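Student: Take one part of this structure and look at it closely. I want residues, partners and numbers, told as one connected account.

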Amino acid sequence: MNKETARKGIKETCGDGWLTLVDIVYDNIPADIEITEVFQKWGGLEIRYDGENKLFEELVDNVNYMSKKICEICGKSGGYAIVDGWETTLCDLHYNNSDAKDKYRNPRTIL
């Protein structure tokens, strides 16, 4: 999967908030790594790839961790939320403006 395809998929499913994180991953791919999937899962940015590289694995783990603190829609500080059954990471504005029928946020995750 190339960088443009990954960015397009994240932008369509989440928004612009994690595009910088996608760029960080793609700008640091070692020659022996091929990214196969980039998607949102359990409120975080998931990167799947073929190949082994300890430093890249640490980068991907750190990007996943950071994504759980960044609103996937706008890129501001965010926290874990469940919106209509989907686990997501949203800032206060996007959480509060959501027209979801069912939403939940643990007050301790609000940043």
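Tutor: First, a term: strands here are DSSP runs of E, at least two residues long, numbered from the N terminus. Two of them count as paired if DSSP finds at least two bridges between them. Keep in mind that the model is predicted.

Start with the hairpin. Strand 1 covers residues 34–41 and strand 2 covers residues 44–50. The two run antiparallel, joined by seven bridges. Two positions show the register. Val38 has Ile47 of strand 2 as its bridge partner. Phe39 stands opposite Glu46, again in strand 2. In general, side chains of a regular strand alternate between the two faces of the sheet.

Now the turn. Two residues separate the strands of this hairpin. Trp42 sits in that loop, between strand 1 and strand 2. Its phi is positive, about 55°, although Trp42 is not a glycine. Is Trp42 buried or exposed? Trp42 counts as exposed because its relative accessible area is 55%, and the cut-off for exposed is over 50%.

Thr89 leads from here to the other sheet. Thr89 lies in strand 4, and its side chain reaches the backbone oxygen of Gly43 at 2.5 Å. Thr89 is classed as buried because its relative accessibility is 1%, where buried means under 20%. Its contacts, leaving out residues up to four places away in sequence, include Trp18, Gly43 and Ser67. Lys68, Lys69, Ile70, Cys71 and Glu72 are also among them, as are Gly78 and Gly79.

Strand 4 belongs to an open sheet of three strands. The order is 4-3-5, and the pairing is antiparallel. Strand 4 (86–90) and strand 5 (103–104) are the edge strands, each pairing on one side only. Strand 3, residues 79–83, is joined to strand 5 by two bridges. One position to check there is Val83, whose bridge partner in strand 5 is Lys103.

Asp84 comes in the loop between strand 3 and strand 4. Here again phi is positive in a residue other than glycine, this time near 50°. Asp84 is partly exposed because its relative accessible area is 43%, which falls between the 20% and 50% cut-offs.

Finally, the largest pocket. Its space comes to about 210 Å³. Which element supplies the largest share of its lining? Strand 4 does, with four residues. Trp86, Glu87, Thr88 and Leu90 are among the lining residues. Val83, already met as the partner of Lys103, lines the pocket too. So does Glu72, a residue that Thr89 touches. Gln40 is another lining residue, and Thr13, Cys14 and Ile73 complete the list. By class, the lining has five nonpolar, three polar and two charged residues.

Two threads are worth tracing on screen. One goes from strand 4 through Thr89 to the backbone oxygen of Gly43. The other goes from strand 4 to the pocket, where it gives four lining residues.

Technical notes: Residues are numbered from 1 along each chain as its sequence is written. This is a predicted model: local features need pLDDT of at least 70, side-chain atom pairs count only at pLDDT 80 or more; totals for chains, interfaces and linings use all residues. Side-chain values use heavy atoms; hydrogens and water are left out. On a 1 Å grid over the protein atoms alone, a cavity is a set of points where a 1.4 Å probe fits but cannot get out, and a pocket is an open set with protein on both sides within 12 Å along at least five of seven lines; lining residues have an atom within 4 Å of a point. Grid points are joined across faces, edges and corners, and a volume is the space filled by probe spheres set on the points. Ala, Val, Leu, Ile, Met, Phe, Trp, Tyr, Cys and Pro count as nonpolar, Asp, Glu, Lys and Arg as charged, and the others, Gly among them, as polar. Buried means under 20% relative accessible area, exposed over 50%, partly exposed in between (1.4 Å probe, protein chains only). A polar contact is a pair of N or O atoms within 3.5 Å; within protein, one must be able to donate a hydrogen and the other to accept it, and residues adjacent in sequence count only if both atoms are side-chain atoms. Contact means heavy atoms within 4.5 Å.
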